[in-house]
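Open the model in your viewer and keep the selection panel at hand. We will go from stop to stop.

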Amino acid sequence: MNAVALVYGLLDGGPEGARKKLEEFWRAVSQGGTRGVFGENLVANLATNWFTNNPAYQYMEALTSSVAVSPYDFNPLNINPLRDILRDQIDFKAIREQTAIDLFISATAVLTNEAKVFRTGELTTEHVMASACLPDVFQAVEIDGVPYWDGGYLANPPIWPLVECRARDVLLCLLNPLVARKTPMSTAEIMDRVNEISFNASVAAELRAVAVVQDLIKRGHLKAGPGYMDLRFHMISADGRLSDLKLPSKFNTDWTFLQDLKTRGRAAAEEWIKDHMEQVGERSSVDLGKAFL
């Protein structure tokens, strides 16, 4: 969703247009989201923290953690305000017709266990909805009769299409911490870490394969060519920046919280630019072998 908002904004007004469209999109998400009983303010945050850290709440959470309600049961009409927000905010026809930027949006084919990558010329609202379809929250998104779930299960994000378009520098922005500070013990902590590991698994596996290929090229055992590119990798990690956020935060659409995420992201990007920008076009700024092997 960030990708389509970014590209549409660039088409409409360059870098400033992209910033404006991203803000408009997330403002619409915030306004379309639910609000807690305490409202959106400091009191709300304190009340929420107290409630979720209360031993009685944690005990009930442990008792009910194995109970799941299907989205087909609690939302039989498949109502999803996000679909309307995308349709209102993004001109997909303009994105499909532009040729300046290649977009690769991934989804997971539910029935065949395949990673499906949708490309610029075919993108619609449904493709983007499929890419963010968590199966315990949303009904599967059907495209041409095929049901899809979130692409993060098998490609988070997909790296191989970037080789096809002959990119040389790849910047990864990770949204889940790779490293945990301590062993998870409570039900909530365990579920948080399981979620992080699950959504890091696909990118870790793909980058391990890339690291092996690059090592073989470096040692002269494999010749670089159309199928085996010697790519330069860079990474903005979530470690230490998002590690304090728990699983429920992924459902938080309060504007103050979204602004906090933006502030954290800008700080991370500015630090990366300061420390590594001169390496772009020259060499990798992250050792894939060390990070993922």
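Two strands count as paired if DSSP finds at least two bridges between them. Keep that cut-off in mind for the first stop. One caution before you click: this is a predicted model.

**Stop 1: strands 3 and 4**

Select residues 146-150, which are strand 4. Add strand 3, residues 141-143. The two strands run antiparallel and are joined by 3 bridges. That count meets the cut-off of at least two, so they are a pair. Now label Val141 and look across to strand 4: its bridge partner there is Tyr148.

**Stop 2: the whole sheet**

Widen the selection to strands 1 to 4. They form an open sheet of 4 strands in the order 2-1-4-3, with antiparallel pairing. Which strands stand at the edges? Strand 2 (114-119) and strand 3 do. Each has a single partner strand, so one side of each lacks a neighbour in the sheet. Look along the sheet for its twist: neighbouring strands are turned by 50° against each other on average, direction ignored.

**Stop 3: strands 5 and 6**

Clear the view and select residues 169-173, strand 5. Add residues 232-236, strand 6. Here the pairing is parallel, over 5 bridges. For one contact point, label Leu171: its bridge partner in strand 6 is His234.

Stay on strand 6 and show its side chains. In a regular strand, side chains alternate between the two faces of the sheet. Arg232, His234 and Ile236 point one way, while Phe233 and Met235 point the other way. Are these residues buried or exposed? All of them are buried. Strand 6 is thus mostly covered, with 5 of its 5 residues buried.

**Stop 4: a nonpolar surface patch**

Turn on the surface and select Ile273, Met277 and Val280. Together they form a nonpolar patch with about 240 Å² of accessible area. Ile273 lies in helix 10, residues 255-276. Its relative accessible area is 45%. Partly exposed covers values between 20% and 50%, so Ile273 is partly exposed.

**Stop 5: zoom out**

Show the whole protein as a cartoon. It has 11 helices and 6 strands. Of its 293 residues, 36% are buried. The protein exposes about 17400 Å², and carbon and sulfur atoms supply 57% of that area. Finally, consider contacts between residues at least 6 apart in sequence: 69% of them join residues at least 24 apart.

Terms used
Residues numbered from 1 in each chain as written. Predicted model: local features only at pLDDT ≥ 70, side-chain atom pairs only at ≥ 80, totals over all residues. Heavy atoms only, no water. Buried < 20%, exposed > 50% of the residue type's maximum accessible area, 1.4 Å probe, protein only. Contact = heavy atoms within 4.5 Å. Areas by Shrake-Rupley, 256 points an atom, 1.4 Å probe, with all protein chains shown as cover. Patch = residues over 30% accessible without salt bridge, like charges linked within 9 Å, V, L, I, M, F, W, Y side chains within 5 Å. Salt bridge = Lys/Arg side-chain N within 4 Å of Asp/Glu carboxyl O. Axes fitted to C-alpha atoms, helices over the stretch in contact; angles between N-to-C directions.
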